[in-house]
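Hi,

Here is the structure I promised to pass on. Have a look, and my notes follow underneath.

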Amino acid sequence: MWSCRPDARRRVSDARGGTAVGIQKRRRSRMHGRQRRAHWTVRAVSLVPCPTCRQPMRPHRVCPSCGTYAGRQVRPVREAEAE
């Protein structure tokens with residue numbers, strides 16, 4: 001059912017003349033927006049030791065140093081290039 005406000009069904013097109021966007025009903029305060037954005041923090045990368053080579057690696061991923069995952073060799077190991 002449509003709202004009883006006369007401007008509720010009004011639409012505004014964007015600069016490109018494409019999609020229609022809705023009309024904002026109430027102004028959001030600065031505090032409301034900042035409280036919503038409070039969880040946008042960057043988290044530190046968690047590292048665990050590889051069970052095969054004990055090098056630090058990200059959990060649930062292939063080890064970058066030995067190429068194993070869940071006890072299986074899934075990626076060939078690159079040998080160090082001789083200089």
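First, a term for later: a patch is made of residues with over 30% relative accessible area and no salt bridge, where like charges are joined within 9 Å and nonpolar side chains (Val, Leu, Ile, Met, Phe, Trp, Tyr) within 5 Å. A salt bridge here is a side-chain nitrogen of Lys or Arg within 4 Å of a carboxyl oxygen of Asp or Glu. Accessible areas come from the Shrake-Rupley method with a 1.4 Å probe, and for residues only the protein chains shown count as cover.

Bear in mind that this is a predicted model: local features need pLDDT of at least 70, side-chain atom pairs count only at pLDDT 80 or more, and totals for chains, interfaces and linings use all residues. Residues are numbered from 1 along each chain as its sequence is written, and side-chain values use heavy atoms, with hydrogens and water left out.

Now the overall picture. The chain has 1 helix and 6 strands, in the order β-β-α-β-β-β-β; these are DSSP runs numbered from the N terminus, with helices (H or I) of at least four residues and strands (E) of at least two. Just 8% of the 83 residues are buried (buried is under 20% relative accessible area, exposed over 50%, partly exposed in between, with a 1.4 Å probe and protein chains only). About 8,400 Å² of the chain is exposed, and carbon and sulfur atoms supply 52% of that. Taking contacts (heavy atoms within 4.5 Å) between residues at least 6 apart in sequence, 0% join residues at least 24 apart.

On the surface, Val-62, Tyr-69 and Val-74 make up a nonpolar patch with about 220 Å² of accessible area together. Tyr-69 sits in strand E5 (residues 68–69) and is partly exposed, at 34% relative accessibility.

Which residue is buried at 9% relative accessibility? That's Met-57, in strand E4 (residues 56–57). Leaving out residues up to four places away in sequence, Met-57 touches Ser-46, Leu-47, Val-48, Pro-49, Cys-50, Cys-63 and Pro-64. Its C-alpha atom is 9.8 Å from that of Val-45, 12 residues apart along the chain.

Val-77 comes in the segment after strand E6 (72–73) and counts as partly exposed because its relative accessibility is 40%. With residues up to four places away in sequence not counted, Val-77 touches Ser-65 and Cys-66. The C-alpha atoms of Val-77 and Gly-67 are 6.0 Å apart, with their positions 10 residues apart along the chain.

Cheers
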